[in-house]
Amino acid sequence: MKTFREYYEDREHLRDNETVALLAGGFKPPHKGHLEMFTELLGDADRGVIFIGKKQDREGREWITPEASKAIWEIYTQGGKPVEVHIAPISPVKSTYDYVDENPNANIIIGAGPGDAARNKGFENEEKYPNVSIKNVVKPLGGGIRASKLAPLLKDGNIKEAVEKFVPDFIEGTNRDAVIDILQKDWDNR
């Protein structure tokens, strides 16, 4: 398996002035609020990149693996603009900074939710990061859903009930069943 750095070193260089939407987070699990935020970012971009935290230490959701989160994001983002989903080798924030540093010819839009100001503070240096803009999303997304609100359901293994609350409505049929299967596998392997 290639490291994150090897992957980017092997890639063709980005087109000049390409716009990339970046979203970083724990995503245990990725829910409709996350997807709504990313969709908003992606609307202004040519493609997107998502960095998932590798830690599993979320209260009541520690059994959700980064691989499960990645698989769910891949279901959510299929069929639209190109999107890469990566498990961050150190942290999603570090991967964001590395990505920006390694792609100086791209215009980067970084998604930020409530409480993300501190982790994006370095990007306020316009001299160092002239190609970066932070897009703050302050309105409640996904009907105000938060992964922490799902913790009691997920902690007790009520996966189908949780999926009904956090998976976007347009994810249906076999894709919805796939999300349930991904989470059920992690639950069974905890």
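Two strands count as paired when DSSP finds at least two bridges between them. The exercises below use this rule on a predicted model.

**Exercise 1. Describe the make-up of the protein chain from its helices and strands.**

Step 1. Count the elements: the chain has seven helices and five strands.

Step 2. Put them in sequence order. The pattern reads α-β-α-β-α-β-α-β-β-α-α-α.

Step 3. Look at burial. Of the 190 residues in the chain, 50% are buried.

Step 4. Look at contacts with a separation of 6 or more. Residues 24 or more positions apart account for 75% of these.

**Exercise 2. Work out the order of the strands in the sheet, and find which strands stand at the edges.**

Step 1. Write down the order. The five strands form an open sheet, β3-β2-β1-β4-β5, with parallel pairing.

Step 2. Find the edges. β3 (83-87) and β5 (132-136) each have a single partner strand, so one side of each lacks a neighbour in the sheet.

Step 3. Add the twist, which averages 20 degrees from one strand to the next.

**Exercise 3. Follow strand β1 and identify its bridge partners in β2 and β4.**

Step 1. Take the β2 side. β1 (residues 19-25) and β2 (residues 47-52) pair in the parallel sense over six bridges.

Step 2. Name residues on that side. L23 stands opposite I50 of β2, and A21 has G48 of β2 as its bridge partner.

Step 3. Take the β4 side. β1 and β4 run parallel and are joined by four bridges. Here T19 has N107 of β4 as its bridge partner.

Step 4. Check burial. Seven of the seven residues of β1 are buried.

Step 5. Sort those residues by face. T19, A21, L23 and G25 lie on one side, V20, L22 and A24 on the other, and both faces are covered.

**Exercise 4. Place helix α3 against the sheet, and say what covers its buried residues.**

Step 1. Locate the contact. Helix α3 (residues 66-76) packs on the sheet and touches β1, β2 and β3.

Step 2. Read the angle. The direction of α3 makes about 175 degrees with that of β3.

Step 3. List the buried residues of the helix: P66, A68, S69, I72, W73, I75 and Y76.

Step 4. Recall a rule for the spacing in such a list. An α-helix has 3.6 residues a turn, so residues three or four places apart point the same way.

Step 5. Name the cover. β1, β2 and β3 are included, as are the helices α2 (32-42), α6 (159-166) and α7 (173-188).

**Exercise 5. Is S69 buried or exposed, and is Q78 buried or partly exposed?**

Step 1. Fix the cut-offs. Buried means under 20% relative accessible area, exposed means over 50%, and partly exposed lies in between.

Step 2. Apply them to S69 in helix α3. Its relative accessible area is 0%, so S69 is buried.

Step 3. Find what surrounds S69. Leaving out residues up to four places away in sequence, S69 touches G26, F27, K28, P29, P30, I52 and I64.

Step 4. Look at the polar atoms. A polar atom of the S69 side chain lies 2.5 Å from the backbone oxygen of F27.

Step 5. Apply the cut-offs to Q78, in the loop between α3 and β3. Its relative accessibility is 46%, so Q78 is partly exposed.

Step 6. Find the polar contact of Q78. Its side chain reaches the backbone oxygen of I75 at 3.5 Å.

**Exercise 6. Which residues line the largest cavity, and what does T96 contact?**

Step 1. Count the cavities. There is one of 30 Å³ or more, and the largest cavity has a volume of about 40 Å³.

Step 2. List the lining: A24, V93, T96, I110, G111, R119 and N120.

Step 3. Assign the lining to elements. Those that give two or more residues are α4 and β4 (107-112).

Step 4. Turn to T96, which is in helix α4 (residues 92-102). With a relative accessibility of 4%, T96 counts as buried.

Step 5. List its contacts. Neighbours within four places in sequence aside, T96 is in contact with L22, A24, F51, I110 and F123.

Step 6. Add the polar contact. The T96 side chain reaches the backbone oxygen of P92 at 2.9 Å.

Notes: Residues are numbered from 1 along each chain as its sequence is written. This is a predicted model: local features need pLDDT of at least 70, side-chain atom pairs count only at pLDDT 80 or more; totals for chains, interfaces and linings use all residues. Side-chain values use heavy atoms; hydrogens and water are left out. Axes are lines fitted to C-alpha atoms, for helices over the stretch in contact, and angles run from 0 to 180 degrees between N-to-C directions. Contact means heavy atoms within 4.5 Å. Buried means under 20% relative accessible area, exposed over 50%, partly exposed in between (1.4 Å probe, protein chains only). A polar contact is a pair of N or O atoms within 3.5 Å; within protein, one must be able to donate a hydrogen and the other to accept it, and residues adjacent in sequence count only if both atoms are side-chain atoms. On a 1 Å grid over the protein atoms alone, a cavity is a set of points where a 1.4 Å probe fits but cannot get out, and a pocket is an open set with protein on both sides within 12 Å along at least five of seven lines; lining residues have an atom within 4 Å of a point. Grid points are joined across faces, edges and corners, and a volume is the space filled by probe spheres set on the points.
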